[in-house]
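Okay, thanks everyone. I'll take a few minutes to walk through this one, so have a look at the picture first and then we'll go through it piece by piece.

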Amino acid sequence: MSKDLVNLINNATGNNALPVAIETVTNSNGTALMFADGTMICLGSATFTGIRNTAITAGGYRTNGVTATYAKQFIERPRTFFQDTTGIAYADGCKISSSSESSVNVTWWGINADTTSHTYNASYMAIGRWKN
C-alpha cells in the first residue's frame with residue numbers, strides 16, 4: 001500500500017496507526033482493500049467513448065453516463081471520488097450522476113456541445129464499509 005494512501009486513510013479516519021489490509025481483491029473492475037476495522041477502499045477506472053451533447057439545466061453539456069462496478073460490493077453506499085484523467089481540452093471534468101453499494105455512474109461535461117466522438121477516462125476511489 002502506498003504511503004500517500006496510508007496518509008489519506010489516517011487523515012480521513014483520525015487514526016494514526018498504520019492500517020493493514022487483511023484482504024485484497026483485484027479483478028476486472030479494479031482493486032478492493034479491506035481492513036480489519038471494516039473499512040474498504042476500492043480503486044478503479046471508467047471509460048466512455050461518445051459525444052457530449054446532452055444539455056445541462058445549469059448550462060453546459062454532458063456525455064451519457066457510464067457505470068463503473070466496484071471490485072467488491074460495499075454494505076452501504078460509499079463515498080466516491082473521481083478524477084478526470086482524459087488530459088485533453090475537450091473534457092472539462094467529470095461528475096458522479098448516481099451511485100450504489102456496487103457501482104457508480106459518471107458523466108463528463110463541458111461548456112459547449114461536441115458532436116465529435118471522443119474517449120473520456122477517469123479514475124476513482126470509493127471509501128466505505130465491507131463489514132460492521
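Let's start with one residue, A46. Setting aside anything up to four places away in sequence, A46 touches V66, A68, F82, V106, W108, Y120, N121 and A122. Before I go further, please keep in mind that this is a predicted model.

So where does A46 belong? It is part of the largest nonpolar core, which has 20 residues, and A46 is among the members that touch the most others, along with C42, Y70, F82, V106 and W108. As for which strands feed that core, at least two residues each come from strand 2 (30–35), strand 3 (39–52), strand 6 (66–69), strand 9 (103–110) and strand 10 (114–129).

Let me step back for the overall layout. The protein has one helix and 10 strands, and reading from the N terminus you get the helix and then the strands, α-β-β-β-β-β-β-β-β-β-β. Of its 132 residues, 39% count as buried. If you take contacts with a separation of 6 or more, 64% of them are between residues 24 or more positions apart.

Now, strand 9, where I want to spend some time. Is strand 9 enclosed or open? Seven of its eight residues are buried, so strand 9 is largely enclosed by the rest of the structure.

Who are its partners? Strand 8, residues 93–99, runs antiparallel to strand 9, and six bridges join the two. Strands 8 and 9 also make a hairpin, with three residues between them. Strand 6 is antiparallel to strand 9 as well, joined by four bridges; in that pairing T69 stands opposite S103. Then there's strand 5 (61–62), which pairs with strand 9 in the antiparallel sense over two bridges. There, Y61 has G110 as its bridge partner.

Let's zoom in on one residue of strand 9, namely N105. Buried or exposed? With a relative accessibility of 14%, N105 counts as buried, because the cut-off is under 20%. On the strand 8 side, S98 stands opposite N105. On the strand 6 side, the N105 side chain makes a polar contact with the side chain of T67, at 3.1 Å. The list of what N105 contacts, leaving out neighbours within four places in sequence, is G65, V66, T67, K95, I96, S97 and S98.

G65 is on that list, so here's a word on it. G65 lies in the loop between strand 5 and strand 6. At 36% relative accessibility, G65 counts as partly exposed. Its contacts, again leaving aside neighbours within four places, are N105, V106 and T107. And here's a pair to find on the screen: G65 and S97 are 32 residues apart in sequence, but 7.5 Å apart in space, C-alpha to C-alpha.

On to the aromatics. How many aromatic pairs are there? The count comes to six. One of them is F48 with W108, a stacked pair, 6.5 Å centre to centre with 20° between the planes. F48 sits in strand 3 and W108 in strand 9, so this pair ties together parts that are 60 residues apart in sequence. Both F48 and W108 are buried.

Compare that with Y70 and F74: the ring centres are 5.2 Å apart and the planes are at 90°, so that pair is edge-to-face. Y70 is buried, with a relative accessible area of 2%, and F74 counts as buried at 2% too. Y70 and F74 also belong to one aromatic cluster together with F82 and Y124. You'll remember Y70 and F82 from the core, where they are among the residues that touch the most other members.

Last thing, since somebody always asks about cysteines. How many disulfides? The count comes to zero. C42, one of those well-connected core residues, is buried with a relative accessible area of 0%. C94 is buried too, with a relative accessible area of 19%.

If you keep one picture from this, make it strand 9: largely enclosed, with antiparallel pairings to strand 5, strand 6 and strand 8, and supplying at least two residues of the core. That's me done, thanks.

How values were computed. Residues numbered from 1 in each chain as written. Predicted model: local features only at pLDDT ≥ 70, side-chain atom pairs only at ≥ 80, totals over all residues. Heavy atoms only, no water. Core = buried A, V, L, I, M, F, W, Y, C linked by side-chain atoms within 4.5 Å. Buried < 20%, exposed > 50% of the residue type's maximum accessible area, 1.4 Å probe, protein only. Contact = heavy atoms within 4.5 Å. Polar contact = N/O pair within 3.5 Å; in protein donor to acceptor, adjacent residues only side chain to side chain. Disulfide = S-S within 2.5 Å. Phe/Tyr/Trp six-rings, centres within 6.5 Å; stacked < 30°, edge-to-face > 60°. Pairing = 2+ DSSP bridges.
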